[in-house]
Amino acid sequence: MSKVVTLPGDGIGPEITAAAVAVLREVAPDLTLEEHAIGGGAYDQYGDPLPPRTRDALKDADAVLLGTVGGAHDSPWNSLPRALRPESGLLALRKELGCYANLRPVRVQPGLEHLSPLKPDLARGVDILIVRELLGGIYFDGDRQIEGGAAYNTMRYTTPEVERVAKVAFWAAEQRKGRVTSVDKANVLEVSELWRRDVQALRDRSYRTVHLNHEYVDSVAMLIVANPSRYDVIVTENLFGDILSDLAAVIPGSLGLMPSASLGDGAGLFEPIHGSAPDIAGKGIANPAAAIQSAGMLLRHGLKRPDAANQIDRAVALALRAHPTRDLGGQADTATFTRAVLSALETSP
Ligand code: ATP
Ligand code: MG
């Protein structure tokens with residue numbers, strides 16, 4: 001039996017997490033769900049944005065479902081010492097879980113092409129999964145300095161670091177269209193040469209059914225908006241992935257439609273990419289789609305239950321078409337949308 005820790009957090013976090021939990025209960029009634037505190041609310045209650053009892057609960061968790069963390073710009077939380085601010089709880093959580101792969105699906109839902117900044121013909125059918133290496137590369141290597149008029153950072157990867165994130169991409173591709181594009185700058189960077197060689201070797205050794213190609217990051221930056229349908233799974237290192245995933249996040253046209261997963265060797269972390277939206281918190285109008293889709297990713301990538309995840313994806317697509325929320329130009333509030341997902345689940349095969 002699997003244990004899922006839920007961390008609703010601040011702002012709209014509790015509203016959208018409640019929706020995701022209702023959906024999880026419907027498709028995976030055997031899961032043990034345990035709710036704990038994180039962020040500003042946790043500071044108010046326990047004086048710590050990641051309190052010991054939350055840390056304890058993480059130790060035997062199989063997956064973590066996170067809502068959102070943080071307050072409005074004028075929140076008193078922002079004048080606390082840095083270590084006590086809500087966002088520190090999030091950083092501590094990420095560190096605790098040690099996730100090395102960040103997954104962001106970029107999908108244009110059928111019927112919602114008009115929200116995309118791309119022309120409808122280009123937006124239609126876009127379904128990309130970006131897998132970004134999260135713990136290595138230029139952001140993390142110790143070899144860095146600024147002195148006088150000179151400064152440097154170092155982009156460094158080892159074969160095991162490349163292989164573990166590439167495995168995530170290949171596994172995901174096997175569940176999808178079976179295509180991986182590995183993104184690098186191998187015409188200029190030695191570190192990219194290693195990246196390319198190791199990704200290719202792993203494919204040739206263990207994932208022969210997956211089609212792998214290699215592209216340069218500058219070319220991908222152009223093609224991901226000029227012709228996004230050419231991509232299935234994209235795998236890349238930390239810095240390139242940081243930039244490409246924010247670029248691609250614009251394509252669906254709404255923050256409320258963007259779930260994410262962070263995977264490591266232990267429990268994975270699943271959360272919407274949007275913030276705590278303090279401007280609409282407590283009004284019952286937040287779009288819970290990204291939180292519900294994050295629960296879907298939890299089932300797919302965290303607990304390896306693709307059937308239950310597919311059920312959620314289908315139900316969310318139906319609900320988005322029939323009952324779009326206000327951020328999508330519709331009328332549905334959080335409760336109406338959630339009921340629509342639940343009833344689509346009941347009637348699905
Ligand atoms: P962060 O807290 O990560 O810095 P932010 O403050 O820039 O992010 P968000 O909190 O994501 O941004 O909110 C940006 C805008 O999008 C707000 O107007 C918010 O109301 C809206 N928004 C974000 N998420 C949702 C959602 N799930 N449903 C409806 N509106 C949303
Ligand atoms: Mg915010």
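Trainee: Which strand is Val 106 found in?

Mentor: This is a predicted model: local features need pLDDT of at least 70, side-chain atom pairs count only at pLDDT 80 or more, and totals for chains, interfaces and linings use all residues. Residues are numbered from 1 along each chain as its sequence is written, chains are lettered from A, and ligands are numbered from 1 in the order in which they are written. Strands are DSSP runs of E, at least two residues, and helices are runs of H or I, at least four residues, both numbered from the N terminus. Val 106 belongs to residues 101-107, which form strand S4.

Trainee: Is Val 106 buried or exposed?

Mentor: Count the other C-beta atoms, placed from the backbone, within 10 Å of its own: 20 or more is buried, 12 or fewer is exposed, and in between is partly exposed. Val 106 has 23 such neighbours, so it counts as buried.

Trainee: Which residues does Val 106 touch, not counting those up to four places away in sequence?

Mentor: Two residues are in contact if their C-beta atoms, placed from the backbone, lie within 7 Å. With residues up to four places away in sequence left out, the contacts of Val 106 are Val 126, Ile 128, Ile 130, Ala 248, Ala 249, Ile 251 and Pro 252.

Trainee: What distance separates the C-alpha atoms of Val 106 and Val 250?

Mentor: Along the chain, these two are 144 residues apart. In space, their C-alpha atoms are separated by 8.8 Å.

Trainee: Where is Ile 251 found, and is it buried or exposed?

Mentor: Ile 251 sits in the loop between H9 and S11. Its contacts beyond four places in sequence include Val 106, Leu 118 and Pro 228. There are 21 C-beta neighbours inside 10 Å, so Ile 251 counts as buried.

Trainee: How many residues of H1 are buried?

Mentor: Helix H1 has 15 residues. Among its buried ones are Gly 13, Ile 16, Ala 20 and Leu 24. H1 is largely enclosed by the rest of the structure because its buried residues number 11.

Trainee: What span should H1 have, at 1.5 Å a residue?

Mentor: The expected span is 1.5 Å times one less than the number of residues. H1 runs over residues 13-27, and its end C-alpha atoms are 21 Å apart. That agrees with the expected span, which is 21 Å.

Trainee: At what angle do H1 and H12 cross?

Mentor: Axes are lines fitted to C-alpha atoms, for helices over the stretch in contact, and angles run from 0 to 180 degrees between N-to-C directions. Angles under 35 degrees count as roughly parallel, over 145 as roughly antiparallel, 65 to 115 as roughly perpendicular, and the rest as oblique. H1 and H12 are therefore roughly parallel. Their axes come within 10 Å and cross at roughly 10°.

Trainee: How do the residues of the contact of H1 with H12 divide?

Mentor: H1 brings residues including Glu 15, Ala 19 and Val 23, and H12 brings residues including Thr 334, Val 341 and Leu 345. Ala, Val, Leu, Ile, Met, Phe, Trp, Tyr, Cys and Pro count as nonpolar, Asp, Glu, Lys and Arg as charged, and the others, Gly among them, as polar. The contact divides into seven nonpolar, two polar and two charged.

Trainee: How far apart are the axes of H8 and H9?

Mentor: H8 covers residues 217-226 and H9 covers residues 238-248. They pack at an angle of about 10°, with their axes apart by 10 Å.

Trainee: What classes of residue make up the contact of H8 with H9?

Mentor: Val 217, Val 220, Ala 221 and Ile 224 in H8 meet Phe 240, Leu 244, Leu 247 and Ala 248 in H9. There are no polar and no charged residues in this contact, and eight are nonpolar.

Trainee: Which residues are closest to ligand 1?

Mentor: A residue is near a molecule if its C-beta atom, placed from the backbone, lies within 6 Å of it. Ligand 1 is surrounded by 15 residues. The shell has seven nonpolar, six polar and two charged residues. The closest are His 274, Gly 275, Ala 277, Asn 287 and Asp 327.

Trainee: What is phi of Ala 277?

Mentor: Ala 277 lies in the loop between S12 and H10. It is buried, with 24 other C-beta atoms within 10 Å. Its phi is positive in a residue other than glycine, near 40°.
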